[in-house]
Amino acid sequence: MGKIALTLVIVGALNWLLVGLFEWDLVSALLGGDSYRESSWFSRIVYILVGLCGLYCIKYLFTDRAPART
């Protein structure tokens, strides 16, 4: 369940990165709807930062964490 949730978070973050950089919404393009959206520069910066964090989190999909010992 954790890997599925992390995958969805990463996909969402990458979608925000595309919105921030290109004003193009991948999810809307794939699932129907208006795939182009206009945004203020401030909101685009926030979208880009969230997207970059999503790129950073990709590494967590491929790491196995051992349970903590008590």
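Is Tyr47 buried or exposed, and at what relative accessibility? In this predicted model, Tyr47 counts as buried, because its relative accessibility is 18% and the cut-off for burial is under 20%. Its ring partner is Trp16, and the surroundings of that pair are described next.

A search of the whole structure finds two aromatic pairs. Trp16 and Tyr47 form a stacked pair. Their ring centres are 4.2 Å apart, with 25 degrees between the planes. The stack links distant parts of the chain. Trp16 belongs to helix α1 (residues 2-22), Tyr47 to helix α3, and 31 residues separate them. Trp16 counts as partly exposed, since its relative accessibility is 30%. The other pair joins Tyr56 and Tyr60. Here the centres lie 5.9 Å apart and the planes stand at 75 degrees, so the geometry is edge-to-face. Both tyrosines sit in helix α3. They are four residues apart, about one turn of the helix. Tyr56 is partly exposed, because its relative accessibility comes to 48%. Tyr60 is also partly exposed, with a relative accessible area of 29%.

Ile48 lies in helix α3, which spans residues 41-61. At 24% relative accessibility, Ile48 counts as partly exposed. Beyond its neighbours within four places in sequence, Ile48 is in contact with Trp16, Leu17, Gly20 and Leu21. The C-alpha atoms of Ile48 and Leu18 are separated by 7.8 Å. Along the chain, these two residues are 30 residues apart.

A nonpolar patch is found on the surface. Trp16, Phe42, Val46 and Val50 form this patch. Together they have about 370 Å² of accessible area. Helix α3 gives the most to the patch, with three residues. Phe42 is placed in helix α3. Phe42 counts as exposed, because its relative accessibility is 66% and the cut-off for exposure is over 50%. Trp16 thus appears both in the patch and in the stacked pair with Tyr47.

Charged groups come next. Side chains of opposite charge can pair when their charged atoms come close. The count comes to one salt bridge. Its partners are Arg44 and Glu23, with an N to O distance of 3.1 Å. Arg44 lies in helix α3 and Glu23 in the loop between α1 and α2, so the bridge ties together parts that are 21 residues apart in sequence. Arg44 is buried, because its relative accessible area is 12%. Glu23 is partly exposed, with a relative accessible area of 21%. Arg44 has a further partner in an aromatic ring. Arg44 lies over the face of Trp41, at 4.9 Å from the ring centre.

The backbone of Glu23 also deserves a note. Most residues other than glycine have a negative phi. Glu23 has a positive phi of about 55 degrees, although it is not a glycine. The residue with this phi is found in the loop between α1 and α2.

Technical notes. Residues numbered from 1 in each chain as written. Predicted model: local features only at pLDDT ≥ 70, side-chain atom pairs only at ≥ 80, totals over all residues. Heavy atoms only, no water. Helix = DSSP H or I, 4+ residues; strand = E, 2+ residues; numbered from the N terminus. Buried < 20%, exposed > 50% of the residue type's maximum accessible area, 1.4 Å probe, protein only. Contact = heavy atoms within 4.5 Å. Phe/Tyr/Trp six-rings, centres within 6.5 Å; stacked < 30°, edge-to-face > 60°. Lys NZ or Arg CZ within 6 Å of the ring centre and 35° of its normal. Patch = residues over 30% accessible without salt bridge, like charges linked within 9 Å, V, L, I, M, F, W, Y side chains within 5 Å. Areas by Shrake-Rupley, 256 points an atom, 1.4 Å probe, with all protein chains shown as cover. Salt bridge = Lys/Arg side-chain N within 4 Å of Asp/Glu carboxyl O.
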